Amino acid sequence: MIEARDTGASPGSDPSGGPTGTKTGGRDFWPADSGADGKAPKGLNPKILIGGAVALVVVVAAVVGVVVMSGGDGKSGGAAAKSEQLLPTAFTPWAPEKEMAKIADRQADARPITEGEVFPSDVKTVAYKSYSFTLAGTNLANDCKQATWGQRLQSDLAQHQCTQIARGAYVSQDKRHVGQFAVLNMGSQDGAQQIVRDLDPATNTGFLLALNPDGAPAFHSGFSAAYAHTYGHFVIVSWVQRAGGAQPANLAELVDLSLAVEKPADFVWGRLEMAGDNAKR
């Protein structure tokens, strides 16, 4: 396993949601996400700060940890069965955003999510830069075990009151890339952060099951990259790869893919606004 983490802090360990530690120089496998002060602009996905000219060797940002797991032939893998236990090759957890404190507990945001809320008409087609995806299928489950694997992960999902998991499968218009989007409805932000830690492939505690709709290119056991965000009591995961599991030319390609695929996460900002309105009453 090749691992690249900030040596001064554990990603997501600051309960306030702010950045931990300081920037350090070194070798990394993912673009830095922070600004000059180590913080992302309010309301802006930190990955948007990456830009286009990113090499594989960059400064390690304190807010994120990146893990690149060994395994696979770096070319392509076999198509994933509907219940195959896959792990991403590269994994990036993101620390909680301070703005999400109003929905850090589900008691302040008790309304269950729906497929229509997470996957409205404006995310049936998503795009970023030159990449465009179409939503090939969705699934909403009230049993979080149904869409995950791993005894430890599933135990923590139950302990931290995961009540729903919504998944969507995306296929690029040129059929060259595939993506998975998932949101887990947890009882609290603390629980959401624990699940993000569990999803780290280095822990080998389990991961999501890929949603592979009929007629769409399936996720493979080759190279893939996943990003796990904590937004209040929600865990948001985007998981992308080249169709067939081939290794990309660089990981910046997969960053751009994930920025398209994670478009459904915008529903969380609507939740935040509603929580703010309720607080004023």
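Of the 281 residues in the protein, 56% count as buried; the model is a predicted one. The accessible surface amounts to about 11,900 Å², and carbon and sulfur atoms contribute 50% of this area. The secondary structure consists of five helices and 11 strands. Among contacts with a sequence separation of 6 or more, 77% are between residues 24 or more positions apart.

By the distance rule applied to cysteine sulfur atoms, one disulfide is counted. The disulfide is formed by Cys144 and Cys162, with 2.1 Å between the sulfur atoms. The dihedral about the S-S bond is -80 degrees, and the link of Cys144 and Cys162 is accordingly left-handed. Cys144 is located in the loop between β5 (131-141) and β6 (148-149), and Cys162 in the loop between α2 (151-159) and β7 (164-172); the pair therefore ties together parts that lie 18 residues apart in sequence. Cys144 and Cys162 are both buried.

Val123 was examined as a single loop position. This residue is found in the loop that runs between α1 (115-118) and β4 (125-128). Val123 has a relative accessibility of 3%, and because the cut-off for a buried residue is under 20%, Val123 is classed as buried. When neighbours within four places in sequence are set aside, the contacts of Val123 are Val118, Leu135, Tyr170, Lys263 and Pro264. The C-alpha atom of Val123 is separated by 8.9 Å from that of Val261, a residue 138 residues away along the chain.

Note on methods:
Residues numbered from 1 in each chain as written. Predicted model: local features only at pLDDT ≥ 70, side-chain atom pairs only at ≥ 80, totals over all residues. Heavy atoms only, no water. Helix = DSSP H or I, 4+ residues; strand = E, 2+ residues; numbered from the N terminus. Buried < 20%, exposed > 50% of the residue type's maximum accessible area, 1.4 Å probe, protein only. Contact = heavy atoms within 4.5 Å. Disulfide = S-S within 2.5 Å. Areas by Shrake-Rupley, 256 points an atom, 1.4 Å probe, with all protein chains shown as cover.
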